[in-house]
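This note offers a short reading of the structure, arranged as numbered points. Please consult the sequence and the model while reading.

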Number of protein chains: 2
Amino acid sequence: MKKKTKYHHGNLADALLRAGVKEARVNGPKNLGVTHLANQVHVSPMAVYRHFPNGESLKAGISQQAREELARYMLKALGQETDVKKRFLTIGRSYIEFGLSEPGLFSVAFLDCDSLPNDEDDPSSRSIFHDAILDLSNEGLIEHSDIEQVAAFAWSLVHGYVTLTSAESLSPAMPKPEAVNELLERGWLAITKFRK
Amino acid sequence: MKKKTKYHHGNLADALLRAGVKEARVNGPKNLGVTHLANQVHVSPMAVYRHFPNGESLKAGISQQAREELARYMLKALGQETDVKKRFLTIGRSYIEFGLSEPGLFSVAFLDCDSLPNDEDDPSSRSIFHDAILDLSNEGLIEHSDIEQVAAFAWSLVHGYVTLTSAESLSPAMPKPEAVNELLERGWLAITKFRK
DNA sequence: TTTTCATGTTGACATTATAAACATTAATCG
DNA sequence: CGATTAATGTTTATAATGTCAACATGAAAA
């Protein structure tokens, strides 16, 4: 028999985040309320407030988890690839793959959480983009002074694509994988061939 | 003295949408609830249900208003310009301008309203993009078969830029206008110079 | 004018976020 | 080891919300 009535849960904060991520995977931002998540974890709603100052910050925590999951997915896709172009395209492709295969998580990841801690999440998708672009610069494929602009361009492109495709606002003219490849190659062109 | 106690409001649906847009402009998606908007219009919450089946659909209506405002802004910026490249860049620039100058409206415009009526809003930003890209095709600047891809590329780029910049996820390396110009020129390059 | 329909209102109820007070377990210190 | 204290959960209570049902009123149609 299992131990029951463990009055203390032991690890509530984690459990809540976990439950939240699970919900987010299925239902996106809905059902991320204090009460609902507390129920999932078999704990009274007020227990949540011992670990999060309010419901918003719990949501923010879940959002952060989702962002970290995205970053892990990207790193995994990167693997040991060494070719800079392939690395760069893989970053974009994996970002899009994650967004399209986990729309709920993705939308929660970029939820209007007022405080995206834009500093070091580690590993954050931002820093992954940035590092890859540093490599491009070191290889002489882009100007050093273009780093920030290229980061903005690349990230905007894939982020927008996921957002609009998930919302079914964009109707693709061809099957997904080819469409994504072409999008990425176009982006590569704009990044490596642009000169003021 | 003004006429008061006009038991019937006369134009509640419009007034609610208007109040919603005003709120959205200031606070984004928050405060778009049935009760709050009903109060703004000095009407009991239940009155709302004579015009919208539920709170979600009221939000959806406000979201649509926001999308139409965006489209109007773009058309105005377009003006009578005839040069195809300038037209195209203006579309992108005005989209970004609107998004950055009206972050609340923009976020509501693309709120997770499950049912973005992806058909004819008239005038929708989608159709504006599309028409401009048709012109590019007619001028021979892009392949006819590339129309859908170019639309996806262009819209993704500017939409992503607004989203990430509003969320302060992107830290620009230069003042906004120049950054936006460079982004657009890069996009133009990718659109007109790409061949499979 | 009288009937009817569209439009508002009040009251009730379930659900939510959160505050206050209380309970229990775990940790620390003599 | 036992007693005090700090963490962590629970119950109770309050205010706000979305929405249902029943009722009221004013404008349009008959």
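**Notes on the predicted model**

1. In this predicted model, 48% of the 196 residues of chain A are buried. The exposed area of chain A is about 10200 Å², and carbon and sulfur atoms supply 52% of that area.

2. What secondary structure does chain A contain? Chain A has eight helices and zero strands. Its pattern along the sequence is accordingly written α-α-α-α-α-α-α-α. The C-alpha trace of chain A spans about 65 × 35 × 35 Å along its principal axes. Among the contacts in chain A with a separation of 6 or more, 70% are made by residues 24 or more positions apart.

3. The relation between the two protein chains deserves attention. Two copies of a chain are related by a rotation about an axis and a shift along it. Here, chain A is superposed on chain B by a rotation of 180° with 0.0 Å of shift along the axis, and the RMSD is 0.0 Å. That is the relation of a two-fold axis. Of the interface residues of chain A, 100% are also interface residues in chain B, so the copies meet through the same surface.

4. Which residues come nearest to DNA strand D? There are 21 residues around this strand, and S44(A), R50(A), H51(A), T35(B) and M46(B) come nearest. Of the atoms of DNA strand D within 4 Å of the protein, 55% belong to sugar and phosphate. By class, the surface near DNA strand D holds nine nonpolar, ten polar and two charged residues.

5. Several contacts to phosphate oxygens of DNA strand D involve chain B. A polar side-chain atom of T35(B) lies 2.7 Å from such an oxygen. Backbone atoms also take part: a polar one of V34(B) is 3.0 Å from a phosphate oxygen, and a backbone N or O atom of G55(B) is 2.9 Å from one.

6. DNA strand C is surrounded by 22 residues, of which Y49(A), G55(A), S44(B), R50(B) and H51(B) are the closest. Sugar and phosphate supply 52% of the atoms of DNA strand C that come within 4 Å of the protein. The surface near this strand comprises ten nonpolar, ten polar and two charged residues.

7. How far is the side chain of H51(B) from a phosphate oxygen of DNA strand C, and which atoms are concerned? An N or O atom in that side chain is 2.7 Å from the oxygen. A backbone N or O atom of S44(B) lies 2.7 Å from a phosphate oxygen of DNA strand C. From chain A, a polar backbone atom of V34(A) is 3.1 Å from a phosphate oxygen of this strand.

Notes:
Residues numbered from 1 in each chain as written. Chains lettered and ligands numbered in written order. Predicted model: local features only at pLDDT ≥ 70, side-chain atom pairs only at ≥ 80, totals over all residues. Heavy atoms only, no water. Near = heavy atom within 4 Å. Polar contact = N/O pair within 3.5 Å; in protein donor to acceptor, adjacent residues only side chain to side chain. Nonpolar A, V, L, I, M, F, W, Y, C, P; charged D, E, K, R; others polar. Helix = DSSP H or I, 4+ residues; strand = E, 2+ residues; numbered from the N terminus. Buried < 20%, exposed > 50% of the residue type's maximum accessible area, 1.4 Å probe, protein only. Contact = heavy atoms within 4.5 Å. Areas by Shrake-Rupley, 256 points an atom, 1.4 Å probe, with all protein chains shown as cover. Least-squares fit on C-alpha atoms with pLDDT ≥ 70 in both.
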